[in-house]
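Thanks for coming. I will take a few minutes to walk through one structure, starting with a pair of helices and working outward from there.

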Amino acid sequence: MDTKMLAYIAKRLLFSVFTLFLIVTITFFLMHAIPSSPFIGGKALTPTVMKQLEMKFGLDKPLGEQYIIYLKNTARLDFGMSTFHKGRKVIDLITITFKVSAKIGLIAAAIALASGILLGSLAALKKDTIVDRLIIVLTTALVSLPNFLVAIMMLWVFSVMLHWLPPRAGAPGGLVMPIVSLALYPAAYVTRLMRSSVLDVLTQDYIRTASAKGLSTSKVLLKHAVKNAIIPIITYAGPMIAYITTGSFVVEQIFSIGGLGNFFVRAIQNSDYTMIMGSTIYLSIVMLSMTLLCDILYKVVDKRIDFS
């Protein structure tokens, strides 16, 4: 790893820390600007009980002091105690639910990237043929459909009508529909992006030179075209993987998956402010980390990229 790359990584890390600081600050003050109390649920609480709860969670302190304490705790990934799940730390809840979302999300992301790169390359290679047109029509349709609509359609067809797959993720085979629901949209998007990128690369002079040397079409595509065409895919892959692995809110609700997305929705419904804040910050950390990793991968894929 050269000096320029190390300097670039250090610069991006500092930028990520500053971005995270802004996210923590905005999240903190937005949550505290909400007029309702996180302790007001279905039960009426006496002023004495409310005061005790505020003291327990440090809400009786001045706002500025609360903010400084929260910054210090967040630096240690300590997001405090959940106001709804009594006696449970927010970071523990996030860790448990993130494992569930990440398991499904990583499989869906791998399927989306592999199928998208393969189909996109095939469509570019078979440009203006029936294969290309079919792939374009299919991916256009899938890009137009939100994942929750795909999830509902699959649930109706494969669970209600055909009884092939269980409607809940906890049953054997129950993860098939959630994974497919999460994978279809990014797979279609990657396919279209890859097709455009490969078509652009195929017009470059070095591709013509490789063909002129007698290399077969498959070798030119695999050895030269795909390697350079994949850079835009890396750009998209970072945020996509971060989003999928931290949980799709609606899909997890539809299939009753106890992942981070489902818990985040419940936190909003239950006014669990500490859980909302912790989940938002955790998602931001994952997103920033994936973006930095993808930027580094640019150099690995294409040595010509200069980080200066």
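Let us begin with two helices, α4, residues 90–125, and α7, residues 176–201. They pack at an angle of about 30°, and their axes are 6 Å apart. Their crossing is right-handed. In the contact of α4 with α7, the classes come to 19 nonpolar residues, five polar and one charged. As for that pair of numbers, angle and distance, two packed helices are described by the angle between their axes and by the distance between the axes.

Before going on, I should say that this is a predicted model. Everything I quote is computed from it.

Now the chain as a whole. The protein chain has 13 helices and zero strands, and read from the N terminus, every element in the run is an α. There are 308 residues, and 43% of them count as buried. If we take the contacts with a separation of 6 or more, residues 24 or more positions apart account for 72% of them.

Next, a pocket. How much space lies in the second largest pocket? About 320 Å³. Its lining is made of 14 residues, and those nearest the centre are Ser16, Val17, Leu20, Phe21 and Ile285. Three helices each supply at least two residues of that lining: α1 (3–33), α3 (63–75) and α13 (273–301). Which helix gives the most to the lining? That is α1, with six residues. By class, the lining of this pocket has eleven nonpolar residues, three polar ones and no charged ones.

Staying with α1, one residue there is Arg12. Is Arg12 buried or exposed? Its relative accessible area is 16%, and buried means under 20%, so Arg12 is buried. Leaving aside residues up to four places away in sequence, Arg12 touches Thr291, Leu292 and Asp295.

Over in helix α13 we find Ser279. Ser279 also counts as buried, at 4% relative accessibility. With residues up to four places away in sequence again left out, Ser279 touches Ile94, Leu260 and Phe264.

Leu260 and Phe264 bring us to helix α12, because both are among its buried residues. The helix covers residues 260–269, and seven of its ten residues are buried, so α12 is largely enclosed by the rest of the structure. The buried ones are Leu260, Gly261, Asn262, Phe263, Phe264, Val265 and Ala267.

Last, the backbone, where I have three residues with a positive phi. Just after α12, Ser271 takes a positive phi of about 55°. On the other side of that helix, in the loop between α11 (249–254) and α12, sits Ser256. Ser256 has a positive phi of about 55° although it is not a glycine. Its relative accessible area is 35%, so Ser256 is partly exposed.

The third one is Asp128, and it takes us back to where we started, since it lies in the loop between α4 and α5 (130–144). Phi of Asp128 is near 65°, a positive value in a residue other than glycine. Asp128 is partly exposed, with a relative accessible area of 49%.

That is what I have. Questions are welcome.

Terms used. Residues numbered from 1 in each chain as written. Predicted model: local features only at pLDDT ≥ 70, side-chain atom pairs only at ≥ 80, totals over all residues. Heavy atoms only, no water. 1 Å grid on protein atoms, 1.4 Å probe; cavity = no way out; pocket = protein on both sides within 12 Å on 5 of 7 lines; lining within 4 Å. Points joined across faces, edges and corners; volume = space filled by probe spheres on them. Helix = DSSP H or I, 4+ residues; strand = E, 2+ residues; numbered from the N terminus. Nonpolar A, V, L, I, M, F, W, Y, C, P; charged D, E, K, R; others polar. Axes fitted to C-alpha atoms, helices over the stretch in contact; angles between N-to-C directions. Left-handed = near helix turned anticlockwise from the far one by under 90°. Buried < 20%, exposed > 50% of the residue type's maximum accessible area, 1.4 Å probe, protein only. Contact = heavy atoms within 4.5 Å.
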